[in-house]
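Please look over the structure below. The report that follows takes up helix packing, one helix in detail, and a few single residues.

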Amino acid sequence: MDAGEYLEAAVRDILTAASSTVDSQVGYAALLLATTGALDEADRLVTHWQARTERPVSALAGDPIRARAWEVLFEARGGRPEWAEGLPPLDLDAEERAHTASLRRPVSDLDGVLPPGAIAEVLKHVAPSRPDKVRTALADGDLARWAELAGPRPDVATLAATRSLAPALVAGADPLGLRDRAEACAGALVAALNERYPPDLGTWPELITEILRLRGGATAPPPASAAAIRSAEQRLGVDLPDDLREFLRTCDGLPADVVFPRLLGTADLRAENGVVVLAEPAVLLLSASHVVEIDPVLGTTVHPSFRAVLEHHATLLASAQ
């Protein structure tokens, strides 16, 4: 499995594909993460998907194999995560018998060639059949062999549904060797979900409250007075855009975060050749109502408004949770 190619395709689908495809990609990714032993990352991804789409969690277990896989993993990890409350419990002994039989069931090269019908049923019984090597590897408990044969998009649902192997998967057996990339994978998919389904951050007080909550509960400075804002505009020689005024009326600046500069209050704002410096260090600049963000690693980004900068910051914070 090429992890880079897989992640690129998954992110693209989450950003652009139909909702049913988004659900399918998230369900697959969550099982993929779980089978690497990255249970926290799988939970994180599903929780964000729930929060952003508000769709029932049953959409992630839309076929019997995926439903079985989750139930087997819950048993192996010793309980259900909070997000799984909407999934009905299954009789695991019965599921194990059905799954074991499916792993040993022979396959034919004609499977899927003909549409369902009488002819397909006849051929199913008379056509030559052979063991499925990938499923046989699971039935034999040979994770290395399974990984070797699994192909570019491994059937992780069938893997996770194999009850005898689930404890090893939960413990970190990681047959596909993806554990070191699990956090980055989950983060990229969460970021894509946040972009596809941006949160409604409401009024300025609600936006600032949410940012501070995501930062861990820091306290915002008190709001600036109307007189302080007018004084700053006179000193700067520019009229501040409405959204920046609203920000200052909500809180007169904002402390720095690990990945975000300190936003300057009315007393510290300064202008250079008509460009207003909004942050310390001077990586956010206001020019003609647009905010230019200068990042030495990622380059320069032009945001359409000051609020857009704060909403982008909130989205990044939410993706990191």
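Helices, of at least four residues, and strands, of at least two, are DSSP runs numbered from the N terminus. The model is predicted.

## Backbone outliers in loops

Start with Asn273. This residue sits in the loop between strand S2 (270–272) and strand S3 (275–277). Its phi is near 55°, a positive value in a residue other than glycine. Asn273 is exposed, because its relative accessibility is 84% and the cut-off for exposed is over 50%.

Asp174 also has a positive phi, near 50°, and is likewise not glycine. Its place is the loop between helix H10 (166–170) and H11. Buried or exposed: which is Asp174? Asp174 counts as buried, at 15% relative accessibility; buried means under 20%.

A cis peptide bond is found between Glu280 and Pro281, with omega about 0°. Pro281 belongs to the loop between strand S4 (279–280) and strand S5 (284–287).

## Packing of H1 with H2

Two packed helices are described by the angle between their axes and by the distance between those axes. For helix H1 (residues 3–16) and helix H2 (residues 19–35), the angle is about 145° and the axes are 9 Å apart. The crossing of H1 past H2 is left-handed.

Which residues make this contact? From H1 come Tyr6, Ala9, Ala10, Asp13 and Ile14. They meet Thr21, Val22, Gln25, Val26, Tyr28, Ala29 and Leu32 in H2. By class, the contact of H1 with H2 has nine nonpolar, two polar and one charged residues.

## Packing of H4 with H5

Helix H4 (residues 64–77) packs on helix H5 (residues 92–104) at an angle of about 125°, with 11 Å between their axes. H4 is therefore oblique to H5. H4 crosses H5 in a left-handed sense.

On the H4 side, the contact uses Ile65, Arg68, Glu71, Val72 and Glu75. On the H5 side, the partners are Leu92, Glu95, Ala98 and His99. How do the residues of this contact divide by class? Four are nonpolar, one is polar and four are charged.

## Helix H11: length and burial

Helix H11 covers residues 182–196, which is 15 residues. At 1.5 Å a residue, H11 should span 21 Å. The end C-alpha atoms of H11 are 21 Å apart, so the expected span and the model agree.

Many positions can be read off by burial. In H11, the buried residues include Ala182, Cys185, Ala186, Gly187 and Leu189. Val190, Ala192, Leu193 and Asn194 of H11 are buried too.

## Two exposed residues and their distances

Pro198 lies in the loop between H11 and helix H12 (204–215). Pro198 is exposed, with a relative accessible area of 57%. Along the chain, Pro198 and Glu311 are 113 residues apart. In space, their C-alpha atoms are separated by 9.2 Å.

Asp40 is part of helix H3 (residues 39–53). Asp40 is exposed as well, because its relative accessible area is 61%. How far apart in space are Asp40 and Leu201? They are 26 Å apart, C-alpha to C-alpha, and 161 residues apart in sequence.

Methods: Residues are numbered from 1 along each chain as its sequence is written. This is a predicted model: local features need pLDDT of at least 70, side-chain atom pairs count only at pLDDT 80 or more; totals for chains, interfaces and linings use all residues. Side-chain values use heavy atoms; hydrogens and water are left out. Axes are lines fitted to C-alpha atoms, for helices over the stretch in contact, and angles run from 0 to 180 degrees between N-to-C directions. Angles under 35 degrees count as roughly parallel, over 145 as roughly antiparallel, 65 to 115 as roughly perpendicular and the rest as oblique. A crossing is left-handed if the near helix is turned anticlockwise from the far one by less than a right angle, and right-handed if clockwise. Contact means heavy atoms within 4.5 Å. Ala, Val, Leu, Ile, Met, Phe, Trp, Tyr, Cys and Pro count as nonpolar, Asp, Glu, Lys and Arg as charged, and the others, Gly among them, as polar. The expected span of a helix is 1.5 Å times one less than its number of residues. Buried means under 20% relative accessible area, exposed over 50%, partly exposed in between (1.4 Å probe, protein chains only).
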